[in-house]
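The following exercises practise the reading of a protein fold from its sequence and three-dimensional model. Please attempt each task before turning to its solution.

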Amino acid sequence: MAVTQMGYNSIANSLKCPKCHHDMEKVTYEDITIDRCINCGGLWFDGDEADRLKRVPGSEVVDTGDPVKGRNYDSCADINCPHCGKVMEKSSDWKQVHIWYEICRDHGIFMDAGEFSDFKHETLFDWFRALIKGKRES
Ligand SMILES: [Zn+2]
Ligand SMILES: [Zn+2]
């Protein structure tokens, strides 16, 4: 078992990374707690946590993994939901088709290292773009 400074309890109920199968550590930002893989830096978001965290200023600091390493894991074949073990669907944001993440419709989504920062950044950009476009059309 991997030794971390997180203590026994958090190891006991920690998730296993769906991509590289290392332990994931709990990372809390504001009042939102997500899971981050201690090896590949991938992030697991329960339910709508990715959307909620995206709206919190400065929350991209949770995405500390190396995006280069994260991209290597992007080519990973099927991965299974860390909660229910079902094969997760590959999905992308309709506005950000370059970002591919894995989704379990019952439990949440997994992003590789660097993808959350990208997701967050692009969404702000897209939001501004939509705002400008909206103004022009009205
Ligand atoms: Zn991992
Ligand atoms: Zn699941």
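Five exercises with worked solutions follow. The model is a predicted one, in which local features need pLDDT of at least 70 and side-chain atom pairs count only at pLDDT 80 or more, while totals for chains, interfaces and linings use all residues. Residues are numbered from 1 along each chain as its sequence is written, and chains are lettered from A and ligands numbered from 1 in the order in which they are written.

**Exercise 1. The elements of the fold**

Task: State how many helices and strands the protein has, and give the order of its elements.

Solution. Step one is to fix the terms: helices (H or I, at least four residues) and strands (E, at least two) are DSSP runs, numbered from the N terminus. Step two is the count, which gives four helices and six strands. Step three is to follow the chain from the N terminus, where the elements run α-β-β-β-α-α-β-β-β-α.

**Exercise 2. The sheet**

Task: Determine in which order the strands form the sheet, and which strands stand at the edges.

Solution. Strands of a sheet pair through backbone hydrogen bonds, either parallel or antiparallel. Here two strands are said to pair if DSSP finds at least two bridges between them. By this rule, the six strands form an open, antiparallel sheet in the order 1-2-3-6-5-4. Strand 1 and strand 4 (89-93) stand at the edges; each has a single partner strand, so one side of each is left without a neighbour in the sheet. On average, neighbouring strands of this sheet are turned by 35 degrees against each other, direction ignored; the axes behind this angle are lines fitted to C-alpha atoms, for helices over the stretch in contact, and angles run from 0 to 180 degrees between N-to-C directions.

**Exercise 3. The pairs, one by one**

Task: Walk across the sheet and give the number of bridges for each pair of strands, with a residue pair for each.

Solution.

1. Strand 1 and strand 2 are antiparallel and share six bridges; in this pair, threonine 28 stands opposite threonine 33.
2. Two bridges link strand 2 to strand 3 (residues 43-46), again in the antiparallel sense, and aspartate 35 has tryptophan 44 as its bridge partner. The hairpin of these two strands has five residues between them, and glycine 41 takes a positive phi near 80 degrees there.
3. Strand 3 is joined to strand 6 (residues 108-111) by four bridges, antiparallel, and leucine 43 stands opposite methionine 111.
4. Between strand 6 and strand 5 there are three bridges, antiparallel; cysteine 104 is paired with glycine 108 in strand 6. These two strands form a hairpin with three residues between them.
5. Strand 5 (residues 96-104) and strand 4 are joined by five bridges, antiparallel, and glutamate 89 has isoleucine 103 as its bridge partner in strand 5.

**Exercise 4. Two facing threonines**

Task: Decide whether threonine 28 is buried or exposed, do likewise for threonine 33, and describe the surroundings of both residues.

Solution. Begin with the scale: a residue is buried if 20 or more other C-beta atoms lie within 10 Å of its own, exposed if 12 or fewer, and partly exposed in between, with C-beta atoms placed from the backbone. Threonine 28, in strand 1, counts as exposed because it has 9 C-beta neighbours inside 10 Å. Threonine 33, in strand 2, has 13 such neighbours and therefore counts as partly exposed.

Next, consider distances along and across the chain. Threonine 28 and valine 62 are 34 residues apart in sequence, yet their C-alpha atoms are 8.2 Å apart. For threonine 33 and leucine 53, 20 residues apart along the chain, the C-alpha separation is 9.2 Å.

Finally, list contacts, where two residues are in contact if their C-beta atoms, placed from the backbone, lie within 7 Å. Leaving aside neighbours within four places in sequence, threonine 33 is in contact with Lys26, Val27 and Thr28.

**Exercise 5. Positive phi outside glycine**

Task: Locate histidine 21 and glutamate 30, and state what is notable about their phi angles.

Solution. Most residues other than glycine have a negative phi. Histidine 21 has a positive phi of about 65 degrees although it is not a glycine. This histidine 21 is in the loop between helix 1 (8-12) and strand 1 (24-29), and it is exposed because 12 other C-beta atoms lie within 10 Å. Glutamate 30 also has a positive phi, near 55 degrees. Its place is the loop between strand 1 and strand 2 (32-37), and glutamate 30 counts as exposed, since it has 11 C-beta neighbours inside 10 Å.
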